[in-house]
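User: Hi! I'm new to reading protein structures, and I'd like to learn how to look at a bound ligand and its surroundings. Could you walk me through this one?

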Amino acid sequence: MSRFRLDRRRFLTTAGIAASTLPLAGCDALDGFLSGGSSVRAGLAVANGLTYRVQRMLIGADALAPEFSSSEIRQGQRPNGSTDPNEEAYVALKTSNFADYRLQVHGLVEQPKSYSLDELRNMPARTQITRHDCVEGWSCIAKWSGVPLSRLLDEVKVKPEARFVVFHCFDSMNVGLPDTVGYYESIDLIDARHPQTILAYGCNDAPLAVANGAPIRVRVERQLGYKMAKYIRSIELASTLSPYGRGKGGFWEDFGYDWYAGI
Ligand SMILES: Nc1nc2c(c(=O)[nH]1)N[C@H]1C(S)=C(S)[C@@H](COP(=O)(O)O)O[C@H]1N2
Ligand SMILES: [Mo]
């Protein structure tokens with residue numbers, strides 16, 4: 001155990017250098033150090049996996065993201081990405097103020113369930129004031145209210161083979177392809193069960209605005225903004241991410257962003 005601690009310190013120093021210069025051989029060596037294997041993989045994938053494992057070691061499963069006081073909220077949550085989805089199913093729900101909305105929780109669970117907005121609002125709630133960091137270079141402090149995702153996971157009873165939580169969204173993006181591409185995201189079960197991971201229906205003491213993902217968006221406070229899916233249609237428990245999109249675990253990941261976007 002003590003040997004592991006010593007090695008870990010040395011490893012973290014080396015990892016910092018490897019992350020900034022990205023020598024492939026160095027990455028493979030470190031990868032082998034961690035996993036005991038020595039597979040040769042694409043540089044980016046190695047770097048991403050490395051970031052994930054290094055951050056997991058550094059911050060631990062339960063470390064909380066910083067929380068702020070009300071006086072630190074300077075403005076409304078700045079809307080970004082999709083801000084007013086025009087997909088038919090979404091527009092219909094929005095027209096009736098989401099009265100007919102139901103959040104489906106399905107996939108690798110013993111008891112698939114669906115929840116109305118009222119049901120979600122009546123479950124034990126959590127409120128937190130946190131900073132949202134977007135990869136585009138801005139941050140925003142806001143107060144979020146919602147139901148801890150862990151609560152829903154307990155209710156549906158996650159099967160042991162499940163490893164990921166996949167968020168399917170109502171909105172899609174036009175990325176220059178003939179068809180639009182649906183927004184989706186995924187996190188592991190450590191983040192899914194983290195106490196600050198909530199399905200938010202409120203922001204800054206008001207119902208979550210359409211621009212910020214109404215009726216439900218997820219907060220994953222230890223990662224970057226693009227992980228926090230807005231306009232959630234359903235939540236699926238899965239053992240692999242390959243069936244979704246182009247298989248990299250999220251809309252932006254399919255275009256090369258890191259799957260683990262730890263801050
Ligand atoms: N469904 C969906 N979720 C999304 C996006 C999106 O375009 N569609 N954009 C992401 C990005 S890049 C950011 S920074 C945040 C923005 O959340 P906000 O509009 O509440 O600031 O949502 C994330 N979740
Ligand atoms: Mo973002």
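Analyst: Happily! Let's begin with one contact: an oxygen atom of ligand 1 is 2.6 Å from an N or O atom in the side chain of Lys 230. This is a predicted model, where local features need pLDDT of at least 70, side-chain atom pairs count only at pLDDT 80 or more, and totals for chains, interfaces and linings use all residues. Residues are numbered from 1 along each chain as its sequence is written, chains are lettered from A and ligands numbered from 1 in the order in which they are written, and side-chain values use heavy atoms, with hydrogens and water left out.

User: Which polar backbone atoms are paired with an oxygen atom of ligand 1?

Analyst: A polar contact is a pair of N or O atoms within 3.5 Å. A backbone atom of Arg 78 is 2.5 Å from a ligand 1 oxygen, and for a backbone atom of Asn 80 the distance is 2.8 Å.

User: How much of ligand 1 does the protein bury?

Analyst: Accessible areas come from the Shrake-Rupley method with a 1.4 Å probe. Taken alone, ligand 1 exposes 530 Å², and the protein buries 99% of that.

User: Which residues around ligand 1 come nearest?

Analyst: A residue counts as near if one of its heavy atoms lies within 4 Å of the molecule. There are 22 such residues, and Gln 77, Arg 78, Asn 80, Asp 171 and Lys 230 come nearest. Strands are DSSP runs (E, at least two residues), numbered from the N terminus. Strand 5 gives the largest share of the shell, three residues.

User: What space does ligand 1 take?

Analyst: On a 1 Å grid over the protein atoms alone, a pocket is an open set of points where a 1.4 Å probe fits, with protein on both sides within 12 Å along at least five of seven lines; lining residues have an atom within 4 Å of a point. A molecule sits in a pocket if more than half of its atoms lie within 2 Å of its grid points. Ligand 1 takes the second largest pocket. About 360 Å³ of space lies in that pocket, where volume is the space filled by probe spheres set on the points. Of its 26 lining residues, those closest to the centre include Tyr 183 and Gly 225.

User: Where is there an unusual peptide bond or phi?

Analyst: Most residues other than glycine have a negative phi, and most peptide bonds are trans. Here, a cis bond joins Ala 214 and Pro 215, with omega about 5°. Asp 205 has a positive phi, near 65°, and lies in the loop between strand 7 (198–203) and strand 8.

Terms used: Polar contact = N/O pair within 3.5 Å; in protein donor to acceptor, adjacent residues only side chain to side chain. Helix = DSSP H or I, 4+ residues; strand = E, 2+ residues; numbered from the N terminus.
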